[in-house]
Amino acid sequence: MKKYMLVLTFICLALFVTCGLVSAAEEGALSISLSSDLTTLDSVYSYDQSTTVVVQITEGLLYYDANDQLQNGLCESWEEVDGTTYVYNIRNDVKFSDGTPMTMEDVMFSLARYRDPELASPLAWMYDNVAGIEKTGELQFTVKLKQADALWRHTFATTAGHVHNKAFVEKAGASYGTPEGGILGTGPYKLSRWDVGSQIVLEYNANYWNKADGEPSVKKVTFQLIQEDATRMLAATSGQTDIGLYTPAEMLGDIQKAPNVSLTKIPSAGLEFFAFNCKKAPFNDVNARRAVAYAIDAVTLQENIVRDFGTATNYLPVPATLYLFEKDRWIEYENNNNAPRYDLTKAKEALAQSAYPDGFECNLSVDESSLYNSVALFLQQSLAEIGIKVNINKGSNNEVISLQFGSNLDADGNRPYDIIIAEWAADFPDPSGVVTPLYISTNGGNGGSNAAEYGNPKVDDLLLKQAASSDA
């Protein structure tokens with residue numbers, strides 16, 4: 001059943017355009033372009049490209065070094081006492097950017113916010129196995145898990161472990177993390193200015209606690225919000241910005257020819273995928289999902305549209321970058337499966353066995369990026385071949401991400417889309433960083449990352465069992 005939830009998945013490449021020109025702004029300043037406006041800098045809600053900005057302002061209790069190894073951040077030390085008990089000792093020398101000291105009260109308050117059902121944080125799934133978090137010393141707290149979970153150790157190295165100033169958050173209320181409410185963190189930079197739809201300016205935090213390696217040469221970072229692909233790339237190649245993120249695949253050739261520009265491709269832990277809404281008709285019908293799966297020519301989609309932007313997965317929705325153990329076994333498993341391949345005859349047979357033998361009409365939600373729209377058109381044309389009419393509903397990146405995490409549920413708790421083109425990147429270096437949040441049934445509903453509303457008791461059981469393994 002699981003193979004029909006994600007029709008086609010692509011392993012993304014992280015693409016960066018770096019301009020070699022001297023910045024036209026000022027010495028010690030860096031300008032970076034983003035492809036969409038941001039709605040919040042609060043790490044409780046930051047689960048999209050806003051994270052690029054957020055991690056400069058707030059910090060986690062742990063972090064990953066260049067080799068993906070856990071290191072102490074706002075924690076001075078931590079210990080896995082047993083499979084269900086973790087003890088964390090907090091630093092006593094950390095200050096927020098306004099000079100006020102970070103306290104245990106701030107830490108406990110911050111962790112509680114991720115678990116607050118009223119906030120519906122998209123990162124709450126990382127805390128599903130937590131039985132309780134209690135203060136057990138002046139600068140110490142203990143986490144008790146419901147069952148052993150080898151993946152828990154990673155949580156505080158993600159934005160789900162970032163600490164905020166309790167007094168500041170409570171004073172700002174619902175506006176915290178917005179241009180009106182502001183944000184206060186312990187990170188190396190602080191929010192200086194936020195012009196909605198235009199730019200976000202960060203300045204070096206002179207009160208930054210971690211100066212073991214000295215102060216940074218970059219004292220000012222400006223994030224330029226440029227939604228139009230061509231304009232964003234022109235800004236990067238002309239020297240208006242120093243770094244351009246979210247590079248359009250169809251512009252790679254021109255970018256590579258531009259002088260004073262470096263194009264960097266990095267295999268990422270990211271995925272882009274179609275997700276069916278399995279909770280309602282027509283895609284609560286497995287044969288309807290099978291029909292779509294067989295109707296998509298993944299090879300043609302790769303060669304003509306996706307091209308160098310990414311690589312089609314073979315079967316599992318897991319980037320090969322996450323095959324960090326027994327890689328040969330992962331590859332062997334992928335090569336010996338019965339995944340649906342492009343076959344219009346089988347597509348029509350599956351449709352005939354569904355509740356919609358004469359076809360049906362459905363809605364596809366997609367953001368405004370040029371690549372995604374090309375993929376959406378390909379899907380629309382492919383499904384028309386078997387009598388399925390696809391209506392394409394375009395929205396901003398923020399709007400589609402909001403849908404992906406369960407916004408706008410109807411009275412029956414259903415998501416408003418039939419298919420969505422979504423994206424995901426693992427939060428930690430383990431295959432479960434993809435399969436657990438995307439497939440476990442408890443991640444449906446408001447704030448949930450299970451965009452397909454997929455539910456399978458056997459899959460749930462297997463995901464819980466693998467997490468309980470003591471073998472990392």
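These questions cover helix packing, nonpolar cores and cysteines in a predicted model.
Residues are numbered from 1 along each chain as its sequence is written, and side-chain values use heavy atoms, without hydrogens and water. Local features need pLDDT of at least 70 and side-chain atom pairs pLDDT 80 or more, while totals for chains, interfaces and linings use all residues.

Student: At what angle do the axes of α12 and α13 cross?
Tutor: Helices are DSSP runs (H or I, at least four residues), numbered from the N terminus. Axes are lines fitted to C-alpha atoms over the stretch in contact, with angles from 0 to 180 degrees between N-to-C directions. The axes of α12 (residues 432-439) and α13 (residues 457-468) come within 10 Å, and the crossing angle is roughly 145°.

Student: How many residues does the largest nonpolar core have?
Tutor: A nonpolar core is a set of buried Ala, Val, Leu, Ile, Met, Phe, Trp, Tyr and Cys residues joined through side-chain atoms within 4.5 Å. Buried means under 20% relative accessible area (1.4 Å probe, protein chains only). Leu 61 and Phe 141 are among the residues with the most contacts inside the largest core, and its size is 118 residues.

Student: Which helix gives the largest share of this core?
Tutor: The share is seven residues. They come from residues 370-384, helix α10.

Student: Why is Cys 278 in no disulfide with Cys 362?
Tutor: A disulfide is a pair of cysteine sulfur atoms within 2.5 Å. Cys 278 is buried, at 13% relative accessibility. Cys 362 is buried too, at 1%. The bond is ruled out because the sulfur of Cys 278 is too far from its closest cysteine sulfur, in Cys 362, at 13 Å.

How values were computed
Helices (H or I, at least four residues) and strands (E, at least two) are DSSP runs, numbered from the N terminus. Buried means under 20% relative accessible area, exposed over 50%, partly exposed in between (1.4 Å probe, protein chains only).
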